[in-house]
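Biologist: Before we go further, I would like a close look at one part of this model, the place where the two chains meet, and then a careful account of what lies around it. Please take the contact first and let the rest follow from there.

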Amino acid sequence: MISFQKISKIYHSGLKPITALDNVSFEVNSHEFVSIVGRSGAGKTTLLKLLLAEERPSGGSIFFEGQDVHKIKPEGLPNFRRQIGVIFQDYKLLPSKTTYENVAYVMEVMGVADEEISSDVPKVLDIVGLSDRAQNFPEELSGGERQRAALARALIHRPQIILADEPTGNLDPYHTREIIRLLTKINEMGTTIILATHNQQIINALERRVITLDEGKIIRDEERSRFTL
Amino acid sequence: MITFKRIVKSGWLGFKRNSGLSLATIFILVMTISLITSLFLLQKTSNFLITSLTEKVDMAIYFSVEPSTEEIISIQEELFSLSEVKNLEYVSKEEALEKFTERHRSEEIIMESLAEVGGNPLLSSINIKAFEASQYAAISSFLDNASFRDLITKVDYYQKRPAIEKIFSWTSSINVTGIILSIVLAVVAVLMAFNTVRIAIYNSRDEIETMRLVGAANWFIRGPFMVQGVIAGALAVLITFLVFSVGILFLSPKIEIIIPGLGLSAYFFSNFFVILLIQLAAGVGLGILSSWIAVRKYLKI
């Protein structure tokens, strides 16, 4: 489904170029639940940014369902991105929209009918436990609530694949377990999940495939691995 | 259709929720539209001044002997053959005397000296009006070689010449400075409005990027910003129009004292729709255009 082929990413800022990813190749199959682990700065977020075509690789290519992601024309990008749900590390909620509107926005973008939006959004907000925060703006939410709102937005349109960048970074152990249970359930229903994290407990509890990055290189890629750095 | 509804709604919500920024934008747009409307009214005022100045200028040729009716007709025909001549008026000796006594009735010394001279010392004349102040020189040089030259004792152009030339240079410099000033001010106003919208949208740059990343099409992102531009522009036009209507209604009588016959309020209200259209074009057009350009920069992701 997704194939990273010899991906490199070098950032040129300041005096010294920074190598974020160095010749990274791997594949993710449909319905897989893949965790990408590594220290901060290991290249996890860069990898997800490249997959979303938010940034261009310095070398190599990424294929999504046989299509080179970075050869998609700007007009085609919206359609491509609608197949992916993303939980951003910094949430990226729209500050001038309420929680409800933030979640509904993805469906509005896709041209979904009003009735469907008004029936689906409350359900998803209920799933992530934000029903009573529906009319609040992001700045009125706590860190954990924002993270759950971001999760709701990533789920709402039933994407084929969900990219979760540190989705539990600001959550207490209770909510962390809840979110991971939710992601596992979504995965069992057929959605591919790529999870970037450095939370050891999550990885150990999941018992799924783990790719370990260190300084931009894959140092391990194991099925049902346990977290070791 | 459903997306259009969503774009309008989202634009309206954005406008309402960023009320501080929206007010600032409206304020700047009001200034811009006011400036453009003022230029429009100023143009009318300067045109009026130029025409009324030009109309005050004329030249006259005086005849030593009163010409016969046929001579007058042929002279007038000859003068009318000039393309510069707008109007001719023959004043006979008697009419000249009448006008003179009319004008100086209350001034005893003049009337006494007129009686002293006895008879009618005034000359018959033809008053010539040209279309423009600059054309009197040409008419004057034509007169030097005219067939009726021998009949002429005096052409008063030479005495009036400095005044005529001054008026001519004034009107042309008023025109030129008016145009340059208008262009400069209009450009400044447009840039000011554009910059305000740009700063407003700069604040939303992260939001625009997020919209791109969750799969919004460009026009779905741009739309609400342009709707906000339209709302701000339309409100600004409304405010400016009210301010100008009230202002002109109150100030017009005072302006009328300084420049009689200008009729600024009559002009303003008879050109109601033209002015409204100019303001709408300026306000809404600027709102839409500057949002369009400002958003474009952040749509590259």
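Modeller: In this predicted model, the contact draws 15 residues from chain B and 15 residues from chain A. On the side of chain B that touches chain A, the elements that contribute two or more residues are α1 (2-17) and α8 (205-213) of chain B, and α1(B) provides the largest share, with five residues. By residue class, that side of chain B divides into seven nonpolar, five polar and three charged residues.

Turning from the contact to the interior, the largest nonpolar core holds 101 residues, and those with the most contacts inside it are Ile36(A), Leu51(A), Val103(A), Ala152(A), Leu163(A) and Leu29(B). The largest share of this core, nine residues, comes from helix α9 (residues 218-258) of chain B. Apart from it lies another core, of ten residues, among them Ile75(B), Ile128(B), Ala130(B) and Ile164(B). As for Ile36(A), if residues up to four places away in sequence are left out, its contacts are Lys44(A), Leu47(A), Ile194(A), Leu195(A), Ala196(A), Ile211(A) and Leu213(A).

Val103(A), named above as one of the residues with the most contacts inside the core, also takes part in a helix pair within chain A, where Tyr100(A), Val103(A), Ala104(A), Met107(A) and Glu108(A) in α3(A) meet Ile117(A), Asp120(A), Val121(A), Val124(A) and Leu125(A) in α4(A). The residues of this contact of α3(A) with α4(A) divide into eight nonpolar, no polar and two charged. Helix α3 (residues 99-110) of chain A and helix α4 (residues 114-127) of chain A pack at an angle of about 130°, with their axes 10 Å apart, which means that α3(A) is oblique to α4(A). The crossing of these two helices, α3(A) and α4(A), is right-handed.

Two backbone details in chain A also deserve a remark, since most residues other than glycine have a negative phi. Tyr91(A), in the loop between β6 (84-87) and α3 of chain A, has a positive phi near 60°, and Tyr91(A) is buried because 23 other C-beta atoms lie within 10 Å. Asn23(A), found in strand β2 (residues 18-28) of chain A, likewise has a positive phi, near 55°, but Asn23(A) has 14 C-beta neighbours inside 10 Å and therefore counts as partly exposed.

Notes. Residues are numbered from 1 along each chain as its sequence is written. Chains are lettered from A and ligands numbered from 1 in the order in which they are written. This is a predicted model: local features need pLDDT of at least 70, side-chain atom pairs count only at pLDDT 80 or more; totals for chains, interfaces and linings use all residues. Axes are lines fitted to C-alpha atoms, for helices over the stretch in contact, and angles run from 0 to 180 degrees between N-to-C directions. Helices (H or I, at least four residues) and strands (E, at least two) are DSSP runs, numbered from the N terminus. Angles under 35 degrees count as roughly parallel, over 145 as roughly antiparallel, 65 to 115 as roughly perpendicular and the rest as oblique. A crossing is left-handed if the near helix is turned anticlockwise from the far one by less than a right angle, and right-handed if clockwise. Two residues are in contact if their C-beta atoms, placed from the backbone, lie within 7 Å. Ala, Val, Leu, Ile, Met, Phe, Trp, Tyr, Cys and Pro count as nonpolar, Asp, Glu, Lys and Arg as charged, and the others, Gly among them, as polar. A residue is buried if 20 or more other C-beta atoms lie within 10 Å of its own, exposed if 12 or fewer, and partly exposed in between; C-beta atoms are placed from the backbone. A nonpolar core is a set of buried Ala, Val, Leu, Ile, Met, Phe, Trp, Tyr and Cys residues joined through C-beta atoms within 7 Å.
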